[in-house]
Amino acid sequence: MQSTADRALAALDSVLDPELRRPITELGMVAGVSVDDDGAASVGILLTIAGCPLHQTITADVERVLAGVEGITDVRVDLGVMSADQRTALKEKLRGPGGAKDIPFNRPGSLTRVYAVASGKGGVGKSSVTVNLAAAMAAAGLRVGIVDADVHGFSVPGLLGITAPPTRVDEMILPPVAYGIKTISIGMFVDGNAPVAWRGPMLHRALEQFLTDVYFGDLDVLFLDLPPGTGDIAISVAQLLPQSEILVVTTPQAAAADVAERAGSVASQTGQSVAGVIENMSWLQLPTGERMELFGSGGGDIVAKRLSAAFGKDIPLLGSIPLDVDLRTGGDAGAPVVLSRAASVEGSAGAELRRIAGVLARRPRGLSGLKLDVSPR
Ligand SMILES: Nc1ncnc2c1ncn2[C@@H]1O[C@H](COP(=O)(O)OP(=O)(O)OP(=O)(O)O)[C@@H](O)[C@H]1O
């Protein structure tokens, strides 16, 4: 018959490390469990690093789970810290022997879809679109990550309300999780609003480090929020993640369409493909029911048609998102509009973003254009 301590240990399988999203039992974080005759349990928990900011969450989860185990009357959690050897074992468990310094998304058999979100110019809503698509997918149960590669204008942490810094386990970086999205941004590594004046090679190295040192685990979808324009980082993305596909965000303006098309056509030089075009700020819904096209019309359609002609295949306009105060206030508050009640209003920005997320989530996995097994898991 199982002892109470055995049942307690089995119950701890349901406690997940908040950052690694795997059971603490599997991660070697449970040093031991004992239960005395009166039902008082004491549990040794090994944190990955001293002063782990999430120790209170882990402690509370352990206490809650053990309180539900029959025969346990009291729970004491003793926190310790992993030894260097234990940390090495953890890293090997997560990343393979030697803590493999490769990009996991490029490994043969990786089923992660990587979308690099690009725009010709700044301020068209690229980051807002990225964050909302990611949030809608995560809410639908997909495992989602974002790399905020917009080093000059990083805004993803703010849009997701992330203030906590990433946790480091030696050289491995554990990304903060918000709304189920594992997120890493250059903004988490610079002081306050200090400007980042980095040049190409530094950007390349920063992105490479994000892709190799950040532990994302298995992801269904990874979004990269690129800086606006056709700069060095777009080329780095193509080199570092050759299977990534571009999502082009534009406004309806003809001038914006021209630069957005250029951003998309960089992909033809780098051998990447374009997954589609998203038009943002397409119209403003007036109380009279009319749509006011503040920035003109047709930009998204023009970009999609021109890119289709350039690539010799259909590149769809995935959707048109209206100007919407709820999208902006949600962004300011760090609460993506797709998760709010406002998104259930037909024709709203949130509703359209949810629809586009659904379309992208249903696209076949794997390298587009190549013959791969893309049957759903
Ligand atoms: N559809 C929309 N309706 C209302 N406001 C929007 C919409 N899209 C974006 N915005 C607002 O426009 C501003 C710029 O958006 P965002 O930061 O997402 O753009 P960006 O293209 O990523 O900019 P940059 O490249 O300069 O970082 C934000 O204040 C955002 O809330």
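Lys-305 is partly exposed, since 17 other C-beta atoms lie within 10 Å, and this residue belongs to helix 9 of what is a predicted model. Between the C-alpha atoms of Lys-305 and Val-277, which stand 28 residues apart along the chain, the separation is 9.8 Å.

**Helix 8 and helix 9**

Helix 9, comprising residues 299-311, packs with helix 8, comprising residues 254-270, in such a way that the two axes come within 9 Å and cross at roughly 30°. Because angles under 35 degrees count as roughly parallel, helix 8 and helix 9 are described as roughly parallel to each other. Their crossing is right-handed. On the side of helix 8 the contact is formed by Ala-254, Ala-256, Ala-257, Ala-260, Glu-261, Gly-264, Ser-265 and Ser-268, while helix 9 contributes Gly-299, Ile-302, Val-303, Arg-306, Leu-307, Ala-310 and Phe-311. By residue class, this contact of helix 8 with helix 9 comprises 9 nonpolar, 4 polar and 2 charged residues.

**Helix 4 and helix 11**

A second helix pair is formed by helix 4 and helix 11 (residues 349-362), whose axes are 9 Å apart and which pack at an angle of about 70°. That angle makes helix 4 roughly perpendicular to helix 11, given that values of 65 to 115 degrees fall in that category. Helix 4 passes helix 11 in a right-handed crossing. The residues in contact are Val-129, Asn-132, Leu-133, Ala-136 and Met-137 from helix 4, together with Leu-353, Arg-354, Ile-356, Ala-357, Leu-360 and Ala-361 from helix 11. In the contact of helix 4 with helix 11, 9 residues are nonpolar, 1 is polar and 1 is charged.

**The shell around the ligand**

The ligand is surrounded by 21 residues, of which the closest are Gly-122, Gly-125, Lys-126, Ser-127 and Ser-128. Two or more residues of this shell come from each of helix 4 (126-139), strand 12 (273-285), strand 14 (317-323) and helix 10 (325-333). Helix 4 thus figures both among these contributors to the shell and in the packing with helix 11. Sorted by class, the shell around the ligand holds 7 nonpolar, 10 polar and 4 charged residues.

**Two residues with positive phi**

Most residues other than glycine have a negative phi. Arg-21, although not a glycine, has a positive phi of about 60°, and Met-281, likewise a residue other than glycine, has a positive phi near 60°. Arg-21 is situated in the loop that runs between helix 1 (4-11) and strand 1 (30-35), whereas Met-281 lies in strand 12, one of the elements that give two or more residues to the shell around the ligand. Met-281 counts as buried because 26 C-beta neighbours are found inside 10 Å, whereas Arg-21 counts as partly exposed because 16 such neighbours are found inside 10 Å. Once its neighbours within four places in sequence are left aside, Arg-21 is in contact with Leu-16 and Gly-217. The C-alpha atoms of Arg-21 and Ser-282 are separated by 38 Å, with their positions 261 residues apart along the chain.

**Ala-206 and Leu-94**

Ala-206 is found in helix 6, which spans residues 200-213, and with 18 C-beta neighbours inside 10 Å this alanine counts as partly exposed. Apart from neighbours within four places in sequence, Ala-206 is in contact with Val-151 and Ile-186. Leu-94 lies in helix 3, made up of residues 84-95, and is likewise partly exposed, with 18 other C-beta atoms within 10 Å.

The C-alpha separations of four residue pairs are collected in the table below.

| Residue pair | Separation along the chain | C-alpha to C-alpha distance |
|---|---|---|
| Lys-305 and Val-277 | 28 residues | 9.8 Å |
| Leu-94 and Phe-216 | 122 residues | 9.6 Å |
| Ala-206 and Arg-143 | 63 residues | 23 Å |
| Arg-21 and Ser-282 | 261 residues | 38 Å |

Note on methods:
Residues numbered from 1 in each chain as written. Predicted model: local features only at pLDDT ≥ 70, side-chain atom pairs only at ≥ 80, totals over all residues. Near = placed C-beta within 6 Å. Helix = DSSP H or I, 4+ residues; strand = E, 2+ residues; numbered from the N terminus. Nonpolar A, V, L, I, M, F, W, Y, C, P; charged D, E, K, R; others polar. Axes fitted to C-alpha atoms, helices over the stretch in contact; angles between N-to-C directions. Parallel < 35°, antiparallel > 145°, perpendicular 65-115°, else oblique. Left-handed = near helix turned anticlockwise from the far one by under 90°. Contact = placed C-beta atoms within 7 Å. Buried ≥ 20, exposed ≤ 12 C-beta atoms within 10 Å, placed from the backbone.
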